[in-house]
Amino acid sequence: MTSAAGTAGGAEVVLVTGISGSGKSVALHALEDAGYFCVDNLPPELLRDFIRLEQARFTSRVAVAVDVRTAVSLPQLMPLVAQLRDEGQKIRVLFLDASTDALVRRFSETRRPHPLTAVEGELSRALIEALEMERQLLSGVREIATVVDTSQLRPAQLRTWVRDLVGVPSSALTLVFESFAFKHGVPLDADYVFDVRVLPNPFYIRELRPQTGRDEAVAQYLEAQPEVGVMLAQIENFVRHWLPALSADQRAYLTVCIGCTGGQHRSVYMAETLGLRLRSMVTTLVRHRELDGHAH
């Protein structure tokens, strides 16, 4: 475990939770590498005392994983987080999620049992039924958390995304633009989804096909299409209009997902451009589900 130097403002706490098999261990390791003192599977009723102890030890950054293994205590978690925040405690909640198909595949590959497959005296429970029960038990926590969909993410990509999320200031809303491919499904962490498949597709131009929306040639092609400018302006105006209200709603993160067919050209260009246009107004992160996945 790693301990960081203390700060006068008390410990910054990251609470990592989510569905079993969604990558909580990977996220916790990423936070440990980033200098957080990490504890796995801490019962919620011990959270306050643990934070107090680490503050006394001058630990500035703490990460705690809480999951369905402490199901009996989960109802205490949401009121406790709200109370800690009211007391001025900096606390972020990251909720890792994934599609049922992805989770079933992961459990099949690792051959590890789901923690709810043996409950209330039953010897076994179907995996899909256990996952559904877990989603219900954690649904309230998910509502107050920043959600990260790990269905399509490789471990190295998830580590990068987690480090990016905790690397921005916690005092104000962070705007995340995420590109994706509809053929691989809509991200579960989306607050808003915009479909740009109606725009001209650089994929059908031979010299542009192997490039991405980050490349200048693709950007120049899309900038020359009038409908691209119209779509960009409409999405930008929508986000600008609603940002003040969303900030006032005490949101920590707003994830705007931009989707096209392959997640390589149009959605990437749109996410990059929107991130540039809005970064002077709000803290902005840009990520590309399909490109980042291939990069690792």
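**Close-up views of helix packing and a strand crossover**

**View 1. Helices H8 and H9 are oblique to each other.** In this predicted model, the axes of helix H8 (residues 226–248) and helix H9 (residues 266–278) come within 11 Å and cross at roughly 50 degrees, an angle that falls outside the ranges counted as roughly parallel (under 35 degrees), roughly perpendicular (65 to 115) and roughly antiparallel (over 145), and therefore counts as oblique. H8 passes H9 in a right-handed crossing. On the H8 side, the contact is made by Val228, Met231, Leu232, Ala233, Ile235, Glu236, Val239 and Arg240, and these residues meet Tyr269, Met270, Thr273, Leu274, Arg277 and Leu278 of H9. Sorted by class, the residues of this contact between H8 and H9 comprise 10 nonpolar, one polar and three charged.

**View 2. Strands E2 and E3 pair in the parallel sense.** Strand E2 (residues 37–40) is joined to strand E3 (residues 61–65) over four bridges, and phenylalanine 37 has valine 62 in E3 as its bridge partner. Between these two strands the chain runs from E2 through helix H2 (residues 47–56) to E3, forming a β-α-β crossover that is right-handed.

**View 3. Helix H2 of the crossover is in contact with helix H3.** The axes of H2 and helix H3 (residues 77–86) come within 11 Å and cross at roughly 35 degrees. From H2, the residues Leu47, Arg48 and Ile51 meet Leu80, Gln83 and Leu84 of H3, and this contact of H2 with H3 consists, by class, of four nonpolar, one polar and one charged residues.

Methods: Residues numbered from 1 in each chain as written. Predicted model: local features only at pLDDT ≥ 70, side-chain atom pairs only at ≥ 80, totals over all residues. Heavy atoms only, no water. Pairing = 2+ DSSP bridges. Right-handed = clockwise from strand over helix to strand, strands pointing away. Axes fitted to C-alpha atoms, helices over the stretch in contact; angles between N-to-C directions. Left-handed = near helix turned anticlockwise from the far one by under 90°. Contact = heavy atoms within 4.5 Å. Nonpolar A, V, L, I, M, F, W, Y, C, P; charged D, E, K, R; others polar.
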